[in-house]
Amino acid sequence: MGKTFKTIILICILVFSFPIACMAKEYSNFNELIENGKSIDNTKIILKGEAIGECMNRGKYSWVNISDGSTAMGIWIKNEQVQSITNFGKYGYKGDVVEISGTFNRECKEHGGDMDVHATSVKIMDIGHKVIIPISNNKKVIALMLTLITLILVFSYIKSTKSTLK
């Protein structure tokens, strides 16, 4: 009994004295991920980016694209997890900023050799919203000038066709 108790205490001391935190590498620049694809193939990673486009349902899973601002990455995700993403980025809208934990596949055998990430967890970092895109004054002036030129040409055409009909 004494040896068992001493062994359990020794194991507890060793386990709690040397904590090892296994952390996946975090990526917010997807170009780095693409360039180093061979060395990180089939490893656990964490991606942060904006959900863009739309969710494409494929049975029990869905495809979601996330962007770092310059590059997009396809994420293979369970339908239950994708429901937490409510806003997708498009013109006039900023999508939810998400943190995806999963396995990076440089050439996914399941998806025809495409590069993707099979998600294990999804965390919403920032909720998306509508974006007001201002129109520059130069564009307003050009639009007004083109409208006036078009009206002048239409009235000129109508006047010339009336005079030829008489």
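## Ring pairs, charges and two aspartates

Modeller: A search of the whole structure, a predicted model, finds 2 aromatic pairs.

Colleague: How are the rings of Y61 and W76 arranged?

Modeller: They are stacked, because the ring centres are 5.3 Å apart and the planes meet at 10 degrees. The cut-off for stacked is under 30 degrees.

Colleague: Where do Y61 and W76 sit in the chain?

Modeller: Y61 is in strand β3, residues 61–67. W76 is in strand β4, residues 72–78. The two are 15 residues apart, so the pair links distant parts of the chain.

Colleague: Is W76 buried or exposed?

Modeller: W76 is buried, at 10% relative accessibility. Y61 is partly exposed, with a relative accessible area of 30%.

Colleague: And the other pair? What is the geometry of W63 and W76?

Modeller: Tilted. The distance is 4.9 Å centre to centre, with 55 degrees between the planes. W63 is in strand β3 and W76 in strand β4, so this pair ties together parts 13 residues apart in sequence.

Colleague: Is W63 buried or exposed?

Modeller: Buried. W63 has 18% relative accessibility, and the cut-off for buried is under 20%.

Colleague: Which residues make up the ring cluster?

Modeller: Y61, W63 and W76, linked by ring pairs.

Colleague: Change of topic, charges. What lies over the face of Y93?

Modeller: K90 does. Its distance from the ring centre of Y93 is 5.3 Å.

Colleague: How many salt bridges does the structure hold?

Modeller: The count is 1. K48 and E99 make a salt bridge through their side chains, at 3.6 Å from N to O.

Colleague: What does the pair of K48 and E99 tie together?

Modeller: Parts of the chain that are 51 residues apart in sequence, because K48 lies in strand β2 (residues 44–58) and E99 in strand β6.

Colleague: Which of these are buried or partly exposed, K48 and E99?

Modeller: K48 is partly exposed, at 27% relative accessibility. E99 is buried, at 13%.

Colleague: Now D116. Where is it?

Modeller: In strand β7, residues 116–126. D116 is buried and has no salt bridge.

Colleague: What is the nearest side chain of opposite charge to D116?

Modeller: K109, and it is 11 Å away. A salt bridge needs nitrogen and oxygen within 4 Å, so K109 does not make one with D116.

Colleague: Which side chain does D116 join in a polar contact, then?

Modeller: H111. The polar contact between the side chains of D116 and H111 is 2.9 Å.

Colleague: What else is D116 in contact with, leaving aside its neighbours within four places in sequence?

Modeller: The list includes W63, M73, G74 and T103. F104, N105 and C108 are also in contact with D116, as is H111. W63 is one of the cluster residues too.

Colleague: Last one, D96. Where is D96 found?

Modeller: In the loop between β5 (93–94) and β6 (97–105). D96 counts as buried, because its relative accessibility is 0%.

Colleague: What does the side chain of D96 reach?

Modeller: The backbone nitrogen of T86, at 2.9 Å.

Colleague: Which residues is D96 in contact with, leaving aside its neighbours within four places in sequence?

Modeller: Among them are S84, I85, T86 and N87. G49, E50 and A51 are in contact with D96 as well. So are I124, D126, I127 and G128.

Colleague: What separates the C-alpha atoms of D96 and S84?

Modeller: A distance of 9.6 Å, with the two residues 12 apart along the chain.

Terms used:
Residues numbered from 1 in each chain as written. Predicted model: local features only at pLDDT ≥ 70, side-chain atom pairs only at ≥ 80, totals over all residues. Heavy atoms only, no water. Helix = DSSP H or I, 4+ residues; strand = E, 2+ residues; numbered from the N terminus. Buried < 20%, exposed > 50% of the residue type's maximum accessible area, 1.4 Å probe, protein only. Contact = heavy atoms within 4.5 Å. Polar contact = N/O pair within 3.5 Å; in protein donor to acceptor, adjacent residues only side chain to side chain. Lys, Arg positive; Asp, Glu negative; His and termini not counted. Phe/Tyr/Trp six-rings, centres within 6.5 Å; stacked < 30°, edge-to-face > 60°. Lys NZ or Arg CZ within 6 Å of the ring centre and 35° of its normal.
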